[in-house]
Amino acid sequence: MTHKIKSRLWLAFALVWFGILGGIFAISMGWIGYLPPIEQLQNPIDKYASQVLASDGEVIGSYAHGGSNRVLTNYKDLSPHLVKALIATEDVRFEGHSGIDFRSLARAIFKTGILQQKSAGGGSTITQQLAKMLYSPPSSNFFTRMMKKPVEWVIAAKLERYYTKEEILAMYLNQFDFLYNAVGIRSAAFTYFGKTPAELNIEEAAMLIGMCKNPTIYNPILRPNSPLPLERRNTVFQQMEKAGYLTEAEVDSLSRLPIKTSFHKMDNKQGIAPYFREHLRKIMMADKPDRSDYASWQYDRFRDDSIQWETNPLFGWCNKNRKPDGTPYNIYTDGLKIYTTINPTVQRYAEESMQEHLADYLQPAFDRERRARGGDPFSTDISPAQRKKILERAIRQSERWRLSKEDGLSDAEIRSQFDRKTKMQVWSWRGMRDTVMTPLDSIRYMKGILRSGFVAMNPHNGHVLAYVGDINFSQFQYDMVSDGRRQTGSIIKPYLYSLAMTDGASPCDQVLHVQRTYRLDNGQTWTPRNTNHRRVGEMVSIQWGLQNSDNWVTAELMSRTSPITFKRLLESYGLRGPIEATMAMSLGTPEATVGEMVSGYTTFVNDGVRVDPLLVTQIEDMHGNIVATFEPQKTEVLGADAAHKMLYMLQNVINGGTGGRLRYSFGLQMPLGGKTGTTQNNSDAWFMGFTPDLVAGCWVGGEERSVRFNTMTFGQGAAAALPIFGKFIWKVYKDHSLGYLVNIPFQLPEGFSPCGDAGYSDEAVEVYEGSSPDSTSSASPF
């Protein structure tokens, strides 16, 4: 009887094993269950975030799939502590098995399954866990759940066949989700410690590996007051001792250390150059413009995108280029490395300069003026009907309106909400502020926040060194560097003067300084006004006109050419928006972005050649192969002689004209050129400036043109925009590590005379030295 029982048990045991082996064979052949195609096993379907790198190689951001920030990390880039901790904790016999650890499996079946010992551990190897992460999504189907473990065994065995042990370990760590959008070990190392995986010390590695059991329960950020994260980390130390990686004394010493983190949440709205990163994402992922995708009122945007698609190699790059498999690149999933021209130090100085001027000086001045208006951010010359129209449009564009509409509320019900006081938070330069106000008042408040855009680039190679699209990306995501078009005001005047120089004029040519009325081609007349009332009725030089931003001199030069000719020149300077060819455009009616204007001003430093902004130098795929390189694109706008004359005149704008504050208020002594700009009613304040190796431009204004200063005391370009440039240049040149030298002159040909045989004009201003008596700076910092 006993013999028969034993025989039957052995027979049952054999049948079970034959059934398991037969099932595994059927799964491997694809007869039952789900087995990924062989191509996927050889090349696992993977999604890696693309990284954005600064000019010094620093990672400044990423473009992630589904909010995660998984970045490919190779085995050679892992800390040895990570590898040892992972093997000791999850799969101590990892080096010796071929995907399935039968000893651990038998132990798990007997102790965990039969004896219900929860502390006995599981039987899954690292390779099986990887198979589960890659190819085993949750399912409510009973048969699928029953086949889940055998399928994982088969996939694990195949993974072991196609990959080395090192590759499997790297894939495992690349796949794991450590929470806070930190998918993969590189993102986790940065998120929790601000390090790369190779820089992790043993206690940091042990903490991250300990989180692999359950990243929620054992998370020191999510559970700062719980003992569980520390206990789990110390358990990893103990496992490393059992595996022979640590001694008992080392475990005892390490276990006494507290958990120390340096948390950096992965948020694309934070970090270095967020406006730049978002602009780069949009242009790289752009599709070929189709007229049907644009409303009739968006024609100008369609035209702009069409021009960029044809001329800008970076615009639509992902859709223009193909991977080896023939599919287009995806910035979110293909693990690209995008090497940009952004200099992190220069970028930081640009952001600091904007914040210092607006937060500490200009916004408080505007708030004082606004309080005098009774809290209204709009100019006093705006009618009540105009105010109401602006506010009603803002109400219907708000998130509150959209959500209320989704809840089924009527327009009247929603509108009534905007007049009821409620608790809320509003943004300020000092941080988010708790307050009680009506949603309508919060709209008025936000409309009164002054906005700005700033960009700096190398005029010789086009490298964009700093890019600040507005004052705070989390709150204001509209990009004034590339998307926002505003009237240019007087910063467009040098373009007209350069046309005069091309036509044979010189800076010393004389013009009668009087107001004139010009008859236009349509029979109407144009009589430009002027804020400059000096030397009326006298002969003045063209240089004096530009130096003092004089409208009468500018209008006279405009009368000597045709609006169509000037329009074509503006397009050569890089203006892509619509331009109405009229005489008034010489005083700044055309609209442009900050980026377009900065590119245009490189012409004056480059012997008449304009350089397009260069955002990216090269792109690598996830395997380190260079798949694209980019060179600066250049356009000849002026002859060299005309460019040299303009360089001379624009230096005098700084040395004794409207840009003089750079000398007497900031004590800047390096060679400088530039131009201030202020549009009608102080709606837009501009400053464009340059040194021999740096061109930068700044715009300051309100979201609405009606949000503006009532007087030029604060509203003109010299007061609102120039100081940002001044602070920026001061910081850049003071930092000698950047390599900008005060004594490097502009490159002009030997014997250059701006006025030809006539020699220098009596009105030529000598280079300013030192500080004026009313200067706020007693000495130059350089």
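The questions and answers below deal with confidence, two sheets and a cavity in a predicted model.

This is a predicted model, in which local features need pLDDT of at least 70 and side-chain atom pairs count only at pLDDT 80 or more, while totals for chains, interfaces and linings use all residues. Residues are numbered from 1 along each chain as its sequence is written, and side-chain values use heavy atoms, with hydrogens and water left out.

Q: In which element is confidence highest, and what is its mean pLDDT?
A: The predictor's confidence in each residue is given as pLDDT, from 0 to 100, and the protein averages 85, with 85% of the residues scoring at least 70. Among helices and strands, which are DSSP runs numbered from the N terminus (helices H or I, at least four residues; strands E, at least two), helix H4 (residues 102-114) has the lowest confidence, at a mean of 52. The highest belongs to strand S7 (residues 464-468), at 98.

Q: How many contacts beyond four places in sequence does the model have for residues 758-782?
A: A contact means heavy atoms within 4.5 Å. Over residues 758-782 pLDDT stays under 50, and the model's contacts beyond four places in sequence for this stretch number 52.

Q: Which strands are the edges of the sheet S2-S1-S3-S15-S16?
A: This open sheet has 5 strands and mixed pairing, where two strands pair if DSSP finds at least two bridges between them. Each edge strand pairs on one side only, and these are strand S2 (59-63) and strand S16 (626-629).

Q: Which helix packs on the sheet S7-S6-S20-S19-S18?
A: The 5 strands of this open sheet pair in the antiparallel sense, and S18 and S19 do so over 6 bridges, with Thr-678 opposite Ala-685 in S19. The helix that packs here touches S18 and S19, and its direction makes about 65° with that of S18, with axes fitted to C-alpha atoms, for helices over the stretch in contact, and angles running from 0 to 180 degrees between N-to-C directions. It is helix H25 (residues 640-656).

Q: Which elements give two or more residues to the lining of the largest cavity?
A: A cavity is a set of points on a 1 Å grid over the protein atoms alone where a 1.4 Å probe fits but cannot get out, and its lining residues have an atom within 4 Å of a point. The largest cavity is lined by 14 residues, of which Leu-450, Asn-682, Val-700, Gly-701 and Phe-709 lie nearest its centre. The elements giving two or more residues are strand S19 (684-691) and strand S20 (694-701).

Definitions and conventions
1 Å grid on protein atoms, 1.4 Å probe; cavity = no way out; pocket = protein on both sides within 12 Å on 5 of 7 lines; lining within 4 Å.
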